[in-house]
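Load the model in a viewer and keep the selection tool at hand. The stops below go from one sheet to another and end at a helix.

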Amino acid sequence: MHSVKRNDQAVTRRMARKVPVILSLLIVVGLSWPEAPVAASSWNTKWDRQIHYLDPVALAMSPSGKRLYVVCEGRDRVLVVNTHNRHVTGMVKVGRKPEGIALSPDGKTLYVTNEWSDSVSVIDASTLHVVRTLKTGWEPVGVTTDRAGKSLYTANTLGDDISVINLSTGKEIKRLAAGHFPEYVDLSDNGKDIYISNLLGRLAPPNTPPESQVTVVSTAKQMVTRRIMVPGVIQMRHIAQVPERDGGYLLIPFEQPHNLIPLVRIDQGWYMSHGMAVIHPAMASGAKAEVSELLLDNIEQAFANGFGAATSPNGKLALITHSGANTVSVISVAKLNQVLHGIPSSDPEALSHRLDTARKIVLRRLPTGNDPTGVVVSPDSQFAYIANRTDDTVTVVNLKDLKVAATIGLGGPKLITVRRRGQQLFFDAKFAYQGQLSCSSCHPHEGFEDALVWNLQMPILGRNVPENRTLLAIRGTGPFDWNAINPNIQTQDGPRTAALIFRSQGFSHSEVRDLVRYIDSLKLPPNPHLAPDGHLTHSQELGKQLFFRTKTNSGKIIPLDERCYYCHSPLSHYTSRVREDVGTSTKYDTIQKWDVPQLQGVWMRAPYLHNGEAMSLEGIWTKFNPHDKHGYTSDMNKNQLNELINFLKTL
């Protein structure tokens, strides 16, 4: 087994030879460079490009409890931690951007999803060798086997589906439809079902409350048997199960966005709430699942961005990590059952907005490292382990006395670069009023948009209601906001965020600088619609010709401002970087011209238009372009429109 510690020592020696002596000393002792010199130095920009952190995001425990497996998305590897001495003892390289992990029923094999490789690495747990690689759908995250270890299930985030893989042949045998952005999966305790939670809510017209889904797949039939809807929430993440003897329900952390309420209500706690769904899956055919929603926020303090979830094998405790609050909540299952038994059957949503529930069920709030994500509990229910993504550490909690027992360093770089500080700021909710949200609350999955329309405070309340936009690959695409009022990201995330969203002092000047550096680094994932060599299919090539055409089907010259490439120039991220009137303003808008968005990655960014009215790319032109103000498309037949869209999906 390779030694991570030796590798990091070698990196430290190489860095020390290239920077001043004082910097070398800082690296050796593990201190960060003082803030002021960073702003004035060029070397930090260089290290931003060269230093790669581990970014632990998921955990799994060996059946014996002696080994902790840590998935590190930043370095494309899985680490092995000895839980006795709490040292890293092994490492294995996997595919690009690993995200999820599962063990075979006998504990001899690890399955690790590689989000940017569309694959699963199959690892021999004893030798830490990758023995084979399995192909999946687009961007797999969650993974589990069935009880027999014969089939593997992955949640494919960008495909909105689930891959079912035969482990004997290594081939995918089915692709099942899931909710929007499915991310995490879990095998039911009885082995009969696979549960899949989705990160984003279903696509719906503006002024519609969000609604999320838990997809249930029968392991016997390998078919979707139920779709459990959870109203009013998004960002459902890890799934924990309370043992049957203690209730037999699922616990899934969520975010409850109040996006249809004017943002002026943030000071009353009505902008974003955080809690967990409690789901009793219906066992009888045709029966309806019971869904309750409990908030984990306190009255004057939010615990933002619930992420990881786990229950102790003895059924006494449940744990929820809050990546925005750098905290883990330890919950009494017995007290939770008392609260659940008090919910009237006629009103299952009775607790969905109550802020006094947490004090009844939460035994302790414990500090973690920065951005806690996955959590697992040892087989003997004595310890919990929490991955801290932007710290490269694991927090160990003693569940007997409910105290932090240790912090395990995973061997990541000691130097904290500008980009790393920006990453930590991106996930930290302490800058918002009462800690209600962080940047990642509206831009989950490291920079995506939440697919919601928000009622921000505009000059006239309730007007110009905008759809959220991506942060991926936005460098050089300013101005920002749909009304193009912010000339750069610094303005967008500095004064604008402090005044309109955080309702607080917000980020300092240097913190904005760091945050912008991180946002500038966010990249689009590999595009599954485009061949690796960039070659276009026949249909995509025809669509490209339509995109750049200058004449209609009848030979008439198309006015310059009605040509696709006029507003979406390939020379500038497929945006003209100005406002245009494309005829999509409604009676609720006070302006007619909107910022032209870049088209790169447009295939994964539904809904579309400034107010999110178009649920698909097709809808932009079939429903919202009757007068050819949004490009000349009225003469296109169905095949041509499909070809144009096929080309757009390659960008």
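**Stop one: a sheet and its helix**

Select serine 329 together with arginine 365 in E24, its bridge partner. The model is predicted: local features need pLDDT of at least 70, side-chain atom pairs count only at pLDDT 80 or more, and totals for chains, interfaces and linings use all residues. Residues are numbered from 1 along each chain as its sequence is written, and side-chain values use heavy atoms, without hydrogens and water.

Now select strand E23 (residues 327-332), which pairs with E24 in the antiparallel sense over 5 bridges. Two strands pair if DSSP finds at least two bridges between them; helices (H or I, at least four residues) and strands (E, at least two) are DSSP runs, numbered from the N terminus.

Add helix H5 (residues 333-341), which packs on the sheet and touches strand E22 (317-322), E23 and E24. Contact means heavy atoms within 4.5 Å.

**Stop two: another sheet**

Go to the open sheet of 4 strands in the order E5-E6-E7-E8, with antiparallel pairing. Its edge strands, E5 (98-103) and E8 (129-135), each pair on one side only. Select E6 (residues 109-114), joined to E5 by 4 bridges; alanine 102 stands opposite tyrosine 111 in E6.

**Stop three: helix H13**

Select Gln540, Gly543, Leu546 and Phe547, the buried residues (under 20% relative accessible area, 1.4 Å probe, protein chains only) of helix H13 (residues 538-547). They cover an arc of only 110° around the axis, by the directions from the helix axis to the C-beta atoms, which puts them on the same side of H13. Finally, show helix H14 (564-567) and helix H16 (638-648), which are among what covers these residues.

Terms used. Buried means under 20% relative accessible area, exposed over 50%, partly exposed in between (1.4 Å probe, protein chains only). Axes are lines fitted to C-alpha atoms, for helices over the stretch in contact, and angles run from 0 to 180 degrees between N-to-C directions.
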